[in-house]
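Let's take a look at how some side chains sit together in this protein. Keep the picture open while you read, and try to find each residue as it comes up.

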Amino acid sequence: GHMVWKRWDGPNGLRAEMEALAAAHPDLVQTQVIGHSVQGREIVAARVTGGAPGVPDGARPAVLYIGLQHAREWISGEVTRRLLRSVVTGYGVDPDTTKLLDTTEVWFLPVANPDGYELSFEPSRRLWRKNVADNDHDGTVGVQDGVDINRNLPDHWAFAPMGSSHVPADLTYRGPGAASEPETKALVALGTRLRFRFIVNYHSFGKLLLYPIGWQEQTPTADQSIYSALAGTPVNPGIPGYKPQLSADLYPTNGETMSWAHASTGTLAFTVELGEGAPGSNFVFPD
């Protein structure tokens, strides 16, 4: 069995771990069910801020960290989970962390695609990427099923064929319509309600710092100077070993989370493509 990786379901799963963390730190951590997946699983976000019960949502500047939109990218969920635990355990111990949580609220969505993530624990489905929408309505999850929920956002959805696919069997299938998926609706509702100042959406693999926009090449936003200052340059990147670039310069995407957040809620948003852990491991980050 796995030593590190945890499923979403079950008494030892990530869902239970989030609730246990909130129970152990009631003045700091609150969990919220922000929606339900195709199969009815709860989509859970954790809100971390000093004196949380007495501070209304959005009263302080808010940021959001997202993991596991793509089910097979397990390291994205693990990084988000560990970052959550790090800020919680650092509160009252590390002065910078304490100041951060007393002046902002930090949100974590470690598993944005719980159905797909659970499915990826089946050995034959380890590389499953999408959610589990039953596209062909046959009652099973097969090659024709699933929607890429990072191509399903209501921003330039289906803008161009290169940025997503109309073919249900493809890995980047965009779905039958913008925000058609319950997982997408949950994220859109949270982002619209909180209007986050900053979002990091973790993916793998590639060691890249990508920023909007994604839907058209050679089209920076009006916030390009802010993005380039934060991300740095290939010679002097904001995170050592990671290459910063405009998202569309890697390849075009449409209906993508970061471009949606920037355009719709004025959020500064990055997609961080994490490394692969060991050369050649690709999505199967070592345990």
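T265 is buried in this predicted model: its relative accessible area is just 7%, and under 20% counts as buried, so that label fits. You'll find T265 in helix α8, which covers residues 257-265. What does its side chain reach? One partner is the backbone oxygen of A261, at 2.8 Å from the side chain of T265. There is also a polar contact of 2.7 Å between the side chains of T265 and T267. If you skip the neighbours within four places in sequence, T265 is in contact with G191, T192, R195 and W260.

Now for the rings. The count of aromatic pairs comes to 14. One of them is Y65 with F108, a stacked pair with 5.5 Å centre to centre and 20 degrees between the planes. This pair links distant parts of the chain, since Y65 belongs to strand β3 (residues 62-66) and F108 to strand β4 (residues 105-109), 43 residues apart. Are these two buried or exposed? Y65 counts as buried at 17% relative accessibility, and F108 is buried too, at 0%.

Another pair is F159 with W215. Their ring centres are 5.0 Å apart and their planes meet at 75 degrees, so this pair is edge-to-face. F159 lies in the loop between α4 (114-119) and α5 (182-194), while W215 lies in the loop between β6 (208-211) and α6 (224-231), so the pair ties together parts that are 56 residues apart in sequence. F159 is partly exposed, with a relative accessible area of 41%, whereas W215 counts as buried at 18%.

Here are the ring residues from those two pairs, next to T265:

| Residue | Relative accessible area | Label |
|---|---|---|
| T265 | 7% | buried |
| Y65 | 17% | buried |
| F108 | 0% | buried |
| F159 | 41% | partly exposed |
| W215 | 18% | buried |

Rings can also gather in a group: W5, W74, Y117, F121 and F285 form one aromatic cluster.

Finally, look for charges over rings. The charged end of R125 sits over the ring of W128, 5.9 Å from the ring centre. R174 does likewise with W157: its charged end sits over that ring, 5.8 Å from the centre.

Note on methods:
Residues are numbered from 1 along each chain as its sequence is written. This is a predicted model: local features need pLDDT of at least 70, side-chain atom pairs count only at pLDDT 80 or more; totals for chains, interfaces and linings use all residues. Side-chain values use heavy atoms; hydrogens and water are left out. Rings of Phe, Tyr and Trp (its six-membered ring) pair if their centres lie within 6.5 Å; planes under 30 degrees apart count as stacked, over 60 as edge-to-face and the rest as tilted. Helices (H or I, at least four residues) and strands (E, at least two) are DSSP runs, numbered from the N terminus. Buried means under 20% relative accessible area, exposed over 50%, partly exposed in between (1.4 Å probe, protein chains only). A charge sits over a ring if NZ of Lys or CZ of Arg is within 6 Å of the ring centre and within 35 degrees of the ring normal. A polar contact is a pair of N or O atoms within 3.5 Å; within protein, one must be able to donate a hydrogen and the other to accept it, and residues adjacent in sequence count only if both atoms are side-chain atoms. Contact means heavy atoms within 4.5 Å.
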